[in-house]
Amino acid sequence: MAQACKATGGAGLSHSRGYEDAINARISGEVIEVESTLPENIKERALSVFKAAVSEKYPIKDAIEKVQKEALCEIETVFKGQRFKGFIKFDLDSWVITISVNKFGNGNAQFSAGVGQKKLVCPDPLWASCQILICIAV
């Protein structure tokens with residue numbers, strides 16, 4: 001019987017479970033802050049599309065795809081024949097979602113996205129004995 005490769009023996013679908021769980025999660029809560037280097041009209045359109053996707057309970061991956069197809073596609077026409085790099089970051093109650101666009105002068109555009117879940121951290125470990133803890137999001 002053949003031995004598993006020591007370098008790739010543990011690789012596979014089980015290691016992508018965290019990624020799959022993150023992109024298939026549904027977003028709850030409100031958009032706290034939006035940071036962007038996009039032109040104002042495209043930023044407002046992307047925010048509107050994203051809020052609609054959240055209200056319709058889209059999974060994160062579908063919300064990202066909806067923003068890319070319905071709002072960020074305008075970058076191809078606005079910056080026709082020009083190079084453009086930009087991003088929009090949605091900071092929510094428990095998630096941070098960043099969508100980046102890299103448009104080249106020849107007309108091709110590349111989109112990428114980053115998804116992160118916020119963790120709650122208690123500000124003072126001495127409060128651990130209390131029944132009511134006030135925690136902050138980091």
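The secondary structure of this protein comes to 4 helices and 6 strands. The model is a predicted one.

**Exercise 1. Lay out the elements and state how confident the model is in them.**

Step 1. Read the order from the N terminus: the elements run α-β-α-α-α-β-β-β-β-β.

Step 2. Take the overall confidence. The average pLDDT of the protein is 81, and 75% of the residues score at least 70.

Step 3. Look at the extremes among the elements. Helix 2 has the highest mean pLDDT, 95, while strand 6 (residues 136-137) has the lowest, 40.

Step 4. Mark the stretch to read with that in mind. Over residues 129-138, pLDDT stays under 50, and the model has 17 contacts for this stretch beyond four places in sequence.

**Exercise 2. Work out the strand order of the open sheet and find its edges.**

Step 1. Start with strand 1 (residues 31-36), which pairs with strand 2 (residues 84-92) in the antiparallel sense over 5 bridges. One position to check is Glu35, whose bridge partner in strand 2 is Lys89.

Step 2. Move on to strand 2 and strand 3, an antiparallel pair with 8 bridges. The hairpin that joins these two strands passes through 2 residues. Here Asp91 stands opposite Val96 of strand 3.

Step 3. Add strand 4. Strand 3 and strand 4 run antiparallel and are joined by 9 bridges; Ile97 has Val115 in strand 4 as its bridge partner.

Step 4. Put the pairs together. The 4 strands form an open sheet in the order 1-2-3-4, with antiparallel pairing. Strand 1 and strand 4 are the edge strands, each pairing on one side only. From one strand to the next, the twist averages 10 degrees.

**Exercise 3. Describe how helix 2 and helix 3 pack.**

Step 1. Choose the quantities. Two packed helices are described by the angle between their axes and the distance between the axes.

Step 2. Apply them. The axes of helix 2 (residues 40-55) and helix 3 (residues 60-72) come within 9 Å and cross at roughly 145 degrees. The crossing is right-handed.

Step 3. List the residues in contact. Helix 2 contributes Ile42, Arg45, Ala46, Val49, Phe50 and Ala53, and helix 3 contributes Ala63, Lys66, Val67, Glu70, Ala71 and Leu72.

Step 4. Sort them by type: 9 are nonpolar, none is polar and 3 are charged.

**Exercise 4. Place Ile60 in the fold and decide whether it is buried or exposed.**

Step 1. Locate the residue: Ile60 lies in helix 3.

Step 2. Apply the cut-off. Buried means under 20% relative accessible area. Ile60 counts as buried because its relative accessibility is 0%.

Step 3. Find what surrounds Ile60. Not counting residues up to four places away in sequence, Ile60 touches Ala22, Ile23, Ala25, Ile27, Trp95, Ile97 and Val115. Ala25 is 35 residues from Ile60 in sequence, yet the two C-alpha atoms are 6.0 Å apart.

Step 4. Widen the view to the helix. The buried residues of helix 3 are Ile60, Ala63, Ile64, Lys66, Val67, Gln68, Ala71 and Leu72. They pack against helix 1 (17-24), helix 2, helix 4 (74-78), strand 3 (95-103) and strand 4 (109-117).

Step 5. Set this against the whole protein. Of its 138 residues, 28% count as buried. Among contacts with a separation of 6 or more, 52% come from residues 24 or more positions apart.

Notes: Residues are numbered from 1 along each chain as its sequence is written. This is a predicted model: local features need pLDDT of at least 70, side-chain atom pairs count only at pLDDT 80 or more; totals for chains, interfaces and linings use all residues. Side-chain values use heavy atoms; hydrogens and water are left out. Axes are lines fitted to C-alpha atoms, for helices over the stretch in contact, and angles run from 0 to 180 degrees between N-to-C directions. A crossing is left-handed if the near helix is turned anticlockwise from the far one by less than a right angle, and right-handed if clockwise. Contact means heavy atoms within 4.5 Å. Ala, Val, Leu, Ile, Met, Phe, Trp, Tyr, Cys and Pro count as nonpolar, Asp, Glu, Lys and Arg as charged, and the others, Gly among them, as polar. pLDDT is the predictor's confidence in each residue, from 0 to 100. Buried means under 20% relative accessible area, exposed over 50%, partly exposed in between (1.4 Å probe, protein chains only). Two strands pair if DSSP finds at least two bridges between them.
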